[in-house]
Amino acid sequence: PNLSSPSSVTTVANKNITNTQEKDVDEGGIVKAIGDHLVVLRRGRLFTIDTSGGRLRPVDHIDAMPPGVSGGGDWYDEMLVRGDRIVVVGYSYSRGGTEVNRFRMSPDGRLRFEDAYHLRSNDYYSSRNYASRLIGNRLVYYTPLYLNVRAPDPWTSFPGVRRWTGDEDVAFKPIATPRRTYIVPQMRDRPEAQLDTLHSVIDCDLTAPTLKCDATAVIGPGSRVFYVSGNAVYLWISDAWHHRARQRGGVRSFVYRLPLDPAEAPSAVAARGAPTDQFSFREDRQNALLDVLIRAEGGGDAMWNPEVTEGDVALLSIPIRRFGDGGREVSLDRYRPLPSPGQEAYNFRNRFVGNHILYSGGGYDETRPTTLVAAALRGGPVAELRLPHAVSRIDQLGRDGVAIGSDRREALNFSAVNLTRSLARIDDRFVMPAASEGESRSQAFFYRPDNADGSSGILGLPISKQVEERYARLFGRSASILFLKREQRRFGMAGELGARVEGAVDDSCRASCVDWYGNARPIFWDGGRVFALLGYELVEGRVANGRIGEVTRVNFAPQPRRAERR
């Protein structure tokens, strides 16, 4: 059995304004583009803003939940678009499951609710990963289900879907059969193995008139990290922190490969250690390898687990051909030991950039100087680069990398890592006084290269400034977007686009009233236009002579509900 493969896969026509891990795999986020319109998911509502004709004009807004649903206890965090269709993925504590709500946008930016689906699941939230991906027309997402082994009918714990009609008693239709449910023999036959979680990868055709979904499920312990390439979904499960697993030693993890090609079957291989998050993975399509940066101990990417990992570091390179029924372990010569970040277990960051893996250990003191390791792949040289600041983010600047973090002077540092030489080195550093990162999500950062190798370009990142307490709940920590120019690998200040907090009004929020996925994004548009999304404000800037200045802004906040037209 394989993941479903909708036949109507077409080329994505929507602009890519999201900083994604894989170029051909979009991720659920808070702002997307449909034609000349921006669509924003904010505090339980969808908003559209028209950018055509060099203007900014709020057009419409609608609740991100189905009509008749109160929204209490619901969190709508991730949005994806395909053509004129918008899908919002959320989790409802009140109804107990994942929601997939579909909307349509007219050419003039008007929104209408289309339909909603309810999937049986437990909370999918991760402090770093995203639950949903979009590959062509295919909506692919991950959900966990914690098994109730004492239930009279165990299949009531398995993945199911129902079209939402408002009736909570409508039965779920199963979407994962026994033939699409997997467990490696080695784990199945262990008396001490933790088999309490059903990890579900669900695949739907987003553009089908009626949403049709299939699921592939894996039984195992609760610890998981998943990564989506353009070819497959990879799921790493482990019982590494279970006391009996510690006593046993040896193999404590299994890596599943769930292909997107219907001609391929799911497969698995045994391994050791644990990755930190989705950025610990990269599929090397040219060499048919899966590279994974692992640590000796880790708890997966659920909730806040990625923030704490322990032990030695190694780069594991798994040939795709080694995946099978899970009975075979990756040979020890496929693990390449790398420098340890020391005893600190908090805030480990990693990212594949070009032909390198970059990583840094952290600590509870998020301002302490640290070491950034840049290891060239396939046995290349390893550089240990001492930084005068902590690292809270690692990302890409064209062919180079960048490490971002605070120092003990309460300044925000940007250290550019030149990866084009035989040994990586710090090429340049920019220091922004009296500032810190305003968002931790990977999508908050964006770099627009101006040339082929990215040695010149402009980056945007939300930064934190003091906001009066009465406005803090509406704006969070991100009060402005900092823009840095890069010219031949040298940083320079381009400027800021900031929020106007005075005059903010209560939005009568009913759902998703905490911005777990952030509320600020830099947006680079066609024709060189640059935007800063800041809560309910969209600010346009223009870059001239290397500096950015404000052109216009709009506030698209909804009026208090008592004043809304019904």
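In this predicted model, Asp277 is buried, and Arg128 is buried too. The two form a salt bridge, with 2.8 Å between the closest N and O atoms. Their positions in the chain are distant: Asp277 sits in the loop between β21 (274–275) and β22 (281–284), while Arg128 sits in the loop between β9 (111–119) and β10 (132–135), 149 residues apart.

A second salt bridge, between Asp301 and Arg224, has its closest N and O atoms 3.2 Å apart. Asp301 belongs to the loop between β23 (289–298) and β24 (309–319) and Arg224 to strand β17, so this pair ties together parts that are 77 residues apart in sequence. Asp301 has a relative accessible area of 0% and counts as buried. Arg224, at 2%, is likewise buried.

Then there is Glu437, which forms a salt bridge with Arg393; here the closest N and O atoms are 2.8 Å apart. With Glu437 in strand β35 (residues 436–437) and Arg393 in strand β31 (residues 393–397), the pair ties together parts that are 44 residues apart in sequence. Both ends meet the buried cut-off of under 20% relative accessible area: Glu437 comes out at 10%, and Arg393 at 5%. Elsewhere, salt bridges with shared partners join Asp84, Arg85, Arg102, Arg104, Glu114, Asp115 and Arg163 into one network. Over the whole structure, the search turns up 46 salt bridges.

Back to strand β17, the home of Arg224. This strand covers residues 223–228 and runs antiparallel to β18, with six bridges joining the two. Just three residues separate β17 from β18, and the two strands form a hairpin. Within this pairing, Val225 stands opposite Trp236 of β18.

On β18 itself (residues 232–238), seven of the seven residues are buried, so the strand is largely enclosed by the rest of the structure. Its side chains split between two directions: Ala232, Tyr234, Trp236 and Ser238 point one way, and Val233, Leu235 and Ile237 point the other, with all of them buried. Strand β18 also pairs with β19 (residues 253–259), again in the antiparallel sense, and this time over seven bridges. One of the residues involved is Val233, whose bridge partner in β19 is Leu258. Strand β18 therefore has β17 as one antiparallel partner and β19 as another, and it is largely enclosed because seven of its seven residues are buried.

Definitions and conventions: Residues are numbered from 1 along each chain as its sequence is written. This is a predicted model: local features need pLDDT of at least 70, side-chain atom pairs count only at pLDDT 80 or more; totals for chains, interfaces and linings use all residues. Side-chain values use heavy atoms; hydrogens and water are left out. Buried means under 20% relative accessible area, exposed over 50%, partly exposed in between (1.4 Å probe, protein chains only). Helices (H or I, at least four residues) and strands (E, at least two) are DSSP runs, numbered from the N terminus. Two strands pair if DSSP finds at least two bridges between them. A salt bridge is a side-chain nitrogen of Lys or Arg within 4 Å of a carboxyl oxygen of Asp or Glu.
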